[in-house]
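Please look through the structure shown here from one end of the chain to the other. The notes after it go through helices, loops, charged pairs and a surface patch.

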Amino acid sequence: MHTLLLLERSINRIADVLGWIASTLFLLLVINVFYNVVMRYVFNQVSIGSQELEWHLFSAVFLLGIPYALKTGGHVRIDVFYERWPQKIQAVINLLGCLILLLPFSFLIFYFGLDFTREAYQLGEGSGDPGGLPHRWVIKGMIPVSFLFLFLIGISKSLNAIQRLMSNDQIKE
């Protein structure tokens, strides 16, 4: 039981780091958008690469923020019945949701995302626009990375649910 708790805490630390990275990237996104607006409306200049960087940063923020949101409970869920049920029933629902939905889905997206990224790398895929960003495989690589971390968070959530089921105490999620 102690080993499971240590594993869960280690995975949660990884999620906290992802949250920090996502928030830092979001700050860079805001700075980039501000730069693009000033350059466009004050100096009448447009940079395709800088505009593409916006959606690259947005994608990274979103993809790295998903595992963090799941870890912190910031994800969307329907709590109409869930919150009224006892802790043990909630733990069963969380465990089944992780084992039946989250873990298999995350694994599949991770697995097929690797081929998606590998193909973009092998083709040397870049922007189709002149002045756009090269190396599109980098942002495509964020998809399997994100879902690998989502898979790890699913393991952490499953471990938490198992601990809640095995314990007589109330373990905070």
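What follows is a walk through selected features of this model, which is predicted.

Helix H1 covers residues 2–41. At 1.5 Å a residue, its 40 residues should span 58 Å, and the end C-alpha atoms are 58 Å apart, so the expected and modelled spans agree. The buried residues of H1 include Ile-11, Ala-15, Leu-18, Ala-22, Leu-25, Leu-29 and Met-39. Polar residues are also on that list, among them Glu-8, Asn-12, Asn-32 and Asn-36. The buried residues of H1 pack against two other helices, H2 (48–72) and H5 (142–166).

The loop between H1 and H2 contains Asn-44. Most residues other than glycine have a negative phi. Asn-44, however, has a positive phi, near 55°. Asn-44 counts as exposed because its relative accessibility is 69%, and the cut-off is over 50%.

H1 and H2 are also joined by a charged pair. Side chains of opposite charge can pair when their charged atoms come close. Asp-16 and Lys-71 form a salt bridge, with their closest N and O atoms 2.7 Å apart. This pair links distant parts of the chain, since Asp-16 is in H1 and Lys-71 is in H2, 55 residues apart. Asp-16 is partly exposed at 34% relative accessible area, and Lys-71 is partly exposed at 22%.

Helix H2 also holds Glu-52. What is the nearest side chain of opposite charge to Glu-52, and how far away is it? It is Arg-136, at 4.1 Å. A salt bridge requires a nitrogen to lie within 4 Å of a carboxyl oxygen, so Glu-52, although buried, has none. Leaving aside residues up to four places away in sequence, Glu-52 touches Ser-127, Asp-129, Gly-132, Leu-133 and Arg-136.

The next stop is the loop between helix H3 (87–123) and helix H4 (137–140), where Gly-124 is found. Gly-124 is exposed, with a relative accessible area of 56%. Its C-alpha atom is separated by 7.8 Å from that of Arg-136, 12 residues apart along the chain. His-135 lies in the loop between H3 and H4. Like Asn-44, His-135 is not a glycine and has a positive phi, here about 60°. His-135 is partly exposed, with a relative accessible area of 49%.

How many salt bridges does the structure hold? There are three. Besides the pair between H1 and H2, one joins Asp-115 and Arg-118 at 2.5 Å, N to O. Asp-115 and Arg-118 are three residues apart in helix H3, so about one helical turn separates them. Asp-115 is partly exposed at 35%, as is Arg-118 at 42%.

Another salt bridge pairs Lys-140 with Glu-125, whose closest N and O atoms are 2.9 Å apart. Lys-140 is in helix H4 and Glu-125 is in the loop between H3 and H4, 15 residues apart. Lys-140 is buried, with a relative accessible area of 15%, whereas Glu-125 is partly exposed at 24%.

Finally, there is a nonpolar patch on the surface, formed by Val-92, Leu-96, Leu-99, Ile-100, Leu-101, Leu-165 and Met-166. Together these residues have about 660 Å² of accessible area. H3 and H5 are the elements that give two or more residues to the patch, and H3 gives the most, with five. One of the patch residues is Leu-165, which lies in H5 and is partly exposed, with a relative accessible area of 32%.

Definitions and conventions
Residues numbered from 1 in each chain as written. Predicted model: local features only at pLDDT ≥ 70, side-chain atom pairs only at ≥ 80, totals over all residues. Heavy atoms only, no water. Helix = DSSP H or I, 4+ residues; strand = E, 2+ residues; numbered from the N terminus. Expected span 1.5 Å × (residues − 1). Buried < 20%, exposed > 50% of the residue type's maximum accessible area, 1.4 Å probe, protein only. Contact = heavy atoms within 4.5 Å. Lys, Arg positive; Asp, Glu negative; His and termini not counted. Patch = residues over 30% accessible without salt bridge, like charges linked within 9 Å, V, L, I, M, F, W, Y side chains within 5 Å. Areas by Shrake-Rupley, 256 points an atom, 1.4 Å probe, with all protein chains shown as cover.
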